[in-house]
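Biologist: Before I accept any label in this description, I would like to see the reasoning behind it. Can we take the terms one at a time?

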Amino acid sequence: MKRSATVLLTALAPVSWGTTYAVTTEFLPPDRPLFTALTRALPAGLLLLALTRVLPRGAWWAKAAVLGALNIGAFFPLLFVAAYRLPGGMAAVVGSVGPLIVVGLSALLLGQRPAPRTLVTGLVAALGVSLVVLKGAGALDLAGVLAALASTASMAAGTVLTKRWGRPAGVGPLALTGWQLTAGGLLIAPVALLAEGAPPALDGPAVGGYLYLALANTAVAYWLWFRGIGRLTATQAGFLGPLSPLTAAVVGWAALGQALTPVQVAGMTLAFGATLAGQLGTGRAADGKTPKAPSFSSTEQTGRKDSMDLTGQALPR
């Protein structure tokens, strides 16, 4: 029951991220991906820092910077480039190759040998994505597709490194989230200023859209995500990623009137079915045993007998 609840709560993060594309294209100023990424990340990070009042120490300054660059600083700008250049469901479905990248990086960095079933389902998911992308190759923006793939790879690497490094003693997932959002936002800020200039004028819908992205879509969703990574395997978390394109496709169809060809729909079905099947089998390694997390000096490991509240204080489960 605890594992199911963890999976469900963690799944709320990619579900929330699946609405990013519709919000971006419908409410935000056009052609401002870097400003949008900055507005989503930095205010949320500073808010979480103010709430937790915990700063990195020692080697965690560098680790927080690396994780912030992968999960936020590179991921957000690439994500919004894709969102501006591709239809919402199309941009998001490219992200379903994420589980395959996570599987490979988990084997390389965490020593978790994937089960054949996991590899097959990951490959089938990638095939489904290829059907979706290649069918519309004549109409799709190549830069948008490449940005979507690069954002997926960046997030996958950040997910695996987050699992590898754990968290320092006495630090909860909310503080870790604040470190990464702030580091990523600070990385984006000078690039956004140089590339896009002064911030654009904002109307009411744009302000509402940015508030939604910064609070629900980022501060809350990333707290749930990093909390989940601490309790699930990296591959389990990675296989929740396709919930984002599924949500985006549903929102695009229901609210934006976006249409997909039959071949593209078949590709999406193939990708989603494969990744959902992979989720059922990712808790065990190829030898049938539950994979063990690497040994950290962190207090957050999957076998720990206590958990952290929002401010990082230990509470009994």
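Modeller: Start with R85, in a model that is predicted. R85 is partly exposed, with a relative accessible area of 45%.

Biologist: Why is R85 called partly exposed?

Modeller: Buried requires under 20% and exposed requires over 50%. The relative accessible area of R85 is 45%, so R85 falls in between and counts as partly exposed.

Biologist: Where is R85 found, and what is R85 in contact with?

Modeller: R85 is found in helix 4. Leaving aside neighbours within four places in sequence, R85 is in contact with D141, A143 and G144. The C-alpha atoms of R85 and A148 are separated by 9.8 Å, with their positions 63 residues apart along the chain.

Biologist: What makes A143 partly exposed?

Modeller: A143 has a relative accessible area of 37%. The value is neither under 20% nor over 50%, so A143 is partly exposed. A143 lies in helix 8, and the C-alpha atoms of A143 and V81, 62 residues apart along the chain, are separated by 8.3 Å.

Biologist: How do you know that S106 is buried?

Modeller: S106 has a relative accessibility of 1%. The cut-off is under 20%, so S106 counts as buried. S106 lies in helix 6 and touches G111, Q112, V160, A234 and T235, not counting residues up to four places away in sequence. Over the whole protein of 317 residues, 53% count as buried.

Biologist: What makes D31 and R53 exposed?

Modeller: The relative accessible area is 61% for D31 and 74% for R53. Exposed means over 50%, so D31 and R53 both qualify. D31 lies in the loop between helix 2 and helix 3, and R53 lies in the loop between helix 3 and helix 4.

Biologist: What is noted about the phi of D31 and of R53?

Modeller: Most residues other than glycine have a negative phi. D31 has a phi near 60 degrees, a positive value, and is not a glycine. R53 is not a glycine either, and its phi is positive at about 55 degrees.

Biologist: Turn to the rings. How many aromatic pairs does a search of the whole structure find?

Modeller: The search finds seven aromatic pairs. One of them is formed by F35 and Y210, at 5.5 Å centre to centre with 90 degrees between the planes.

Biologist: Why is the pair of F35 and Y210 called edge-to-face?

Modeller: Rings pair if their centres lie within 6.5 Å, and planes over 60 degrees apart count as edge-to-face. With 5.5 Å and 90 degrees, F35 and Y210 meet both conditions, so the label holds. F35 lies in helix 3 and Y210 in helix 10, so the pair ties together parts that are 175 residues apart in sequence. F35 and Y210 are both buried.

Biologist: What makes the pair of F75 and F76 tilted?

Modeller: The centres of F75 and F76 are 5.9 Å apart and the planes are at 50 degrees. Stacked needs under 30 degrees and edge-to-face over 60, so the pair is tilted. F75 and F76 are both buried. They also belong to one aromatic cluster, formed by W17, F75, F76, Y222, W225 and F226.

Biologist: How do you know that R40 lies over the face of F76?

Modeller: R40 is at 4.1 Å from the ring centre of F76. The distance limit is 6 Å, with CZ of Arg also within 35 degrees of the ring normal. The distance satisfies the limit, and R40 is listed as lying over the face.

Biologist: How many cavities are there of 30 Å³ or more, and what is the volume of the largest?

Modeller: The search finds four of that volume or more, and the largest has a volume of about 380 Å³. The lining of the largest cavity has 25 residues, and the closest to its centre are F75, G95, T152, M155 and G241. Helix 8 gives the most to this lining, with six residues.

Biologist: How does the lining of the largest cavity divide into nonpolar, polar and charged?

Modeller: The lining has 16 nonpolar residues, nine polar and no charged. Gly counts as polar here, so G95 and G241 belong to the polar group.

Notes:
Residues are numbered from 1 along each chain as its sequence is written. This is a predicted model: local features need pLDDT of at least 70, side-chain atom pairs count only at pLDDT 80 or more; totals for chains, interfaces and linings use all residues. Side-chain values use heavy atoms; hydrogens and water are left out. On a 1 Å grid over the protein atoms alone, a cavity is a set of points where a 1.4 Å probe fits but cannot get out, and a pocket is an open set with protein on both sides within 12 Å along at least five of seven lines; lining residues have an atom within 4 Å of a point. Grid points are joined across faces, edges and corners, and a volume is the space filled by probe spheres set on the points. Helices (H or I, at least four residues) and strands (E, at least two) are DSSP runs, numbered from the N terminus. Rings of Phe, Tyr and Trp (its six-membered ring) pair if their centres lie within 6.5 Å; planes under 30 degrees apart count as stacked, over 60 as edge-to-face and the rest as tilted. Buried means under 20% relative accessible area, exposed over 50%, partly exposed in between (1.4 Å probe, protein chains only). Contact means heavy atoms within 4.5 Å.
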